[in-house]
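Walk me through the fold of this chain, starting from its surface and ending in its interior.

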Amino acid sequence: MSATPTSSLQTNLDARLPANEADMRALVAQIRSWGAELGFDAIRIASIDLSHAEEGLQTWLAQGFHGDMDYMANHGMLRARPAELVAGTVRAIVARMPYLPHPTRESAPAEDWRTIEWDRLRRPQDATISLYARGRDYHKVLRQRLQKLAEKIAAAVGPYGFRVFTDSAPVLEVALASNGGLGWRGKHTLLLDRDAGSMFFLGEILIDLPLPEDPPVEPHCGNCTRCIDVCPTQAIVAPYVVDARRCISYLTIEHKGSIPVELRAVMGNHVYGCDDCQLICPWNKFAVPANVPDFDVRNGLDAATLAGLFAWTEAEFNQRLEGSPIRRIGHERWLRNIAVAIGNALREPLADDTRAQLTAALHARADDPSALVREHVAWALAQTT
């Protein structure tokens with residue numbers, strides 16, 4: 001939200017800012033210190049010129065790579081024009097908050113977190129949920145903390161125009177963050193940093209304060225194509241281009257209908273999101289655990305089985321996942337996703353009791369009131385070897 005109308009205060013605001021560059025830098029340093037206190041591991045000041053990103057956005061939309069995400073097209077080039085989105089904007093404060101959950105197993109501290117995740121993907125009867133979604137919904141966490149940061153700035157410089165965002169408005173977050181030097185855009189399209197990998201959330205405060213900009217950083221992907229090569233559905237169709245219609249994260253979260261049959265078998269045991277392109281990335285050996293407890297694992301989602309999650313009633317789903325980003329897909333799509341994963345598990349070598357348990361779980365949902373669930377359960381039962 002804007003603290004004050006921008007146009008009427010711009011002259012006064014500029015007068016309230018420190019008069020020399022050294023003092024301006026000191027103010028930015030103070031903003032970074034406040035950000036650290038609020039759980040952000042990096043704060044930068046970014047240019048809002050995203051004209052370099054417009055052609056790529058237009059091409060991506062024209063190719064239909066956004067799939068069912070109509071909201072990506074609804075705002076047109078507004079995503080690349082922050083000053084049109086919020087009148088008077090001249091800079092963006094870009095912020096990064098790590099979300100890698102702390103280990104919950106006694107043996108985990110001695111193991112690399114990526115090894116643990118790869119092992120889970122190799123256990124077909126286990127459910128794999130994207131790391132970012134195992135704790136509290138990041139939207140609320142970041143928005144509240146960014147709002148506090150914006151208010152601290154207001155207390156220091158007086159009223160000013162600002163608006164807080166975190167994946168909540170038509171803003172090209174990665175492009176803005178890249179402008180400010182929080183990292184560079186990797187070939188999987190996520191932001192990468194040499195000291196933190198990609199396991200972090202991004203947030204922005206669009207402001208009308210002409211703070212000194214931080215420079216971008218050089219990209220460091222080189223000739224590496226591991227993220228492209230590892231994608232189970234080959235959704236990264238070219239470096240820096242993702243066809244969302246093939247992406248497991250899109251299929252399990254954004255997509256509302258039937259999962260394309262030709263993609264189901266390669267989805268493995270992913271039931272909400274996918275981290276494969278991040279697990280394989282060499283820079284994620286530097287990923288750091290979350291600074292705040294909000295992203296600690298809830299409901300045992302780092303050790304859940306497909307049969308266990310498939311047994312949740314709608315009431316259990318809503319109660320257990322209150323405050324979780326998973327809840328927004330609803331119980332029906334949750335069951336759809338798990339049914340596909342169970343079908344994939346049934347094609348793998350399994351202990352007899354595990355196979356029987358998974359098959360019984362499917363039969364229990366064979367007459368589900370939802371046609372979407374019934375369709376995917378029937379497909380899964382047909383995978384039995």
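About 16700 Å² of the chain is exposed, and carbon and sulfur atoms supply 51% of that area; accessible areas follow the Shrake-Rupley method with a 1.4 Å probe, and for residues only the protein chains shown count as cover. The model is predicted: local features need pLDDT of at least 70 and side-chain atom pairs count only at pLDDT 80 or more, while totals for chains, interfaces and linings use all residues. Residues are numbered from 1 along each chain as its sequence is written, and side-chain values use heavy atoms, leaving out hydrogens and water.

The chain carries 40 positive and 47 negative side chains, counting Lys and Arg against Asp and Glu, without His and the chain ends. The centres of the two sets lie 1 Å apart, with each charge placed at NZ of Lys, CZ of Arg, CG of Asp or CD of Glu.

With 385 residues, the chain has a radius of gyration of 22 Å, which agrees with the value near 21 Å for a compact globule; the radius is taken over C-alpha atoms, and the rule is 2.2 Å times the number of residues to the power 0.38.

Of the 385 residues, 54% are buried, meaning under 20% relative accessible area (1.4 Å probe, protein chains only). The largest nonpolar core has 114 residues; such a core is a set of buried Ala, Val, Leu, Ile, Met, Phe, Trp, Tyr and Cys residues joined through side-chain atoms within 4.5 Å. Leu-211, Phe-295 and Trp-334 have the most contacts inside this core. Another core, of seven residues, lies apart from it and includes Ile-228 and Cys-277.

Notes. Buried means under 20% relative accessible area, exposed over 50%, partly exposed in between (1.4 Å probe, protein chains only).
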